[in-house]
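This report describes a single protein chain, its sheet, selected helices and the charged pairs among its side chains. The sequence and structure are shown first.

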Amino acid sequence: MVGDGSAARVTAIHVGESADGLGARVLRRLVSDPSVRIVEADSCEVLVWLAAHDADSRAQRRQSALEGLPEALAGAANAQHVVLVSSALVYGAWANNPVPLTEQAALRPDVEFAYARQLGAAEQVVDEWRLSGPGRTVTVLRPAVAMAADGTSGLARALAAGMGQRPGEADPPAQFLHLDDLATSVVLAATRRLDGVYNVAPDGWVAGERVRALAGAVPRVKLPDRVNEVVGNLRWRFQRGPIPPGLRGYTRWPWLVANDKLKAAGWRPTVTNEQAYVEGTEDKWWTMVSPKRRQELSLGIMVTSAVVGAVVVVQFIRRVRRRRKGL
């Protein structure tokens, strides 16, 4: 839901390329607004840049979150406002993160996770653009994991599949944003020219145990620490698709964001965390595993079974020895 329309709204908007479901959603909403005109970049008043959010498309072409952004800004010579869709990933996932994180929180992305660091750099680029000309404004949107029945990125699927799955350990709470709600936040930012950084997330979050239940995970079994580590590493390795280094930390620690600032500007989420998760993860992760991965997974299961069996045998022998010593 966008604002009440009382503020002056722009008419000339250009939406940068986006191969995922977000771009189509944004364009549908803008085209249906009679006071908005979709134009080419060189004649736009507002540039909407979604490419940084499109992780899958960039990965296929070996691009970074920054690629194309400086050129787009240079090509939009008449623009006075830019909307950049970044990600809440830029805050980093840490045990000492405030719950929830506000827009004033420091950016501490995992140093091994290049994508999150690149998003931080993209935010810096648009801020420099804002300062380089009079009257310029910028909206930076930092959404939680965005999902839908169509358009969910491989990165979002990997994060969702890794959450609520830690064997023998408590899972952190998580947030899941529907792409429709992300699209309305983009439209609001473009038509109202919101100035500043805004988190985008549903109200509240889902407890780790609830995520586990929604994922249909088996009941948690308490295992020795070393076995937990082996099982966790194997399960993460066999998630669907390539997993970038540094991403796993985002399934271990909280990075929940507050949405108060965006709601105060007139935005309202329409889909809950749980609804977005269920819709975006309808297919179980193992249905997307390639034949090669299935072979590796089978081997991993054999190795895990052997490790667990060895631990059980060792513990049994130790108990027998203790009993003999007690006689």
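The sections below treat the sheet, the helices that pack on it, one loop residue and the salt bridges of this predicted model.

**The sheet**

An open sheet is built from 6 strands, with parallel pairing and the order β2-β1-β3-β4-β5-β8. At its edges stand β2 (37-38) and β8 (196-200), each of which pairs on one side only. Strand β5 (residues 137-143) runs parallel to β8, and the two are joined by 5 bridges. Among the residues of β5 and β8 concerned, T139 has G196 in β8 as its bridge partner.

**Helices on the sheet**

Helix α6 (residues 179-192) packs on this sheet and touches β1, β3 (46-49), β4, β5 and β8; its direction makes about 165 degrees with that of β4. The 14 residues of α6 should span 20 Å at 1.5 Å a residue, and the separation of 20 Å between its end C-alpha atoms agrees with this. Because 12 of these 14 residues are buried, α6 is largely enclosed by the rest of the structure. The buried residues include D181, T184 and S185, as well as L179, L182, V186, V187 and L188. Just after α6, R193 adopts a positive phi of about 50 degrees.

Helix α1 (residues 21-31) lies across β1 (12-15), β2 and β4 (81-85), and runs at about 165 degrees to β1.

**The loop before β5**

R136 is placed in the loop between α4 (114-131) and β5. Its C-alpha atom is separated by 5.7 Å from that of H81, although the two residues are 55 residues apart along the chain. Leaving aside residues up to four places away in sequence, R136 touches A79, Q80, W129 and R130. The side chain of R136 also joins that of S132 through a polar contact of 2.8 Å.

**Salt bridges**

The count of salt bridges comes to 8. Three of the pairs are set out here, each with its N to O distance.

| Pair | N to O distance |
|---|---|
| R25 and D150 | 3.0 Å |
| R130 and D127 | 2.7 Å |
| R210 and E274 | 2.9 Å |

The R25 and D150 pair links distant parts of the chain, 125 residues apart: R25 belongs to helix α1, whereas D150 lies in the loop between β6 (145-147) and α5 (154-162). R25 counts as buried, at 5% relative accessibility, while D150 is partly exposed, with a relative accessible area of 44%. Both residues belong to a network of salt bridges that links R25, R29, D150 and D180.

R130 and D127, by contrast in setting, both lie in helix α4, 3 residues apart, which is about one turn of the helix. An α-helix has 3.6 residues a turn, so residues three or four places apart point the same way. R130 is partly exposed, with a relative accessible area of 27%, and D127 also counts as partly exposed, at 26% relative accessibility.

For the remaining pair in the table, R210 lies in helix α7 (residues 208-214) and E274 in helix α10 (residues 273-280), so the salt bridge ties together parts that are 64 residues apart in sequence. R210 counts as partly exposed at 38% relative accessibility, and E274 is partly exposed with a relative accessible area of 30%.

Conventions:
Residues numbered from 1 in each chain as written. Predicted model: local features only at pLDDT ≥ 70, side-chain atom pairs only at ≥ 80, totals over all residues. Heavy atoms only, no water. Pairing = 2+ DSSP bridges. Helix = DSSP H or I, 4+ residues; strand = E, 2+ residues; numbered from the N terminus. Contact = heavy atoms within 4.5 Å. Axes fitted to C-alpha atoms, helices over the stretch in contact; angles between N-to-C directions. Expected span 1.5 Å × (residues − 1). Buried < 20%, exposed > 50% of the residue type's maximum accessible area, 1.4 Å probe, protein only. Polar contact = N/O pair within 3.5 Å; in protein donor to acceptor, adjacent residues only side chain to side chain. Salt bridge = Lys/Arg side-chain N within 4 Å of Asp/Glu carboxyl O.
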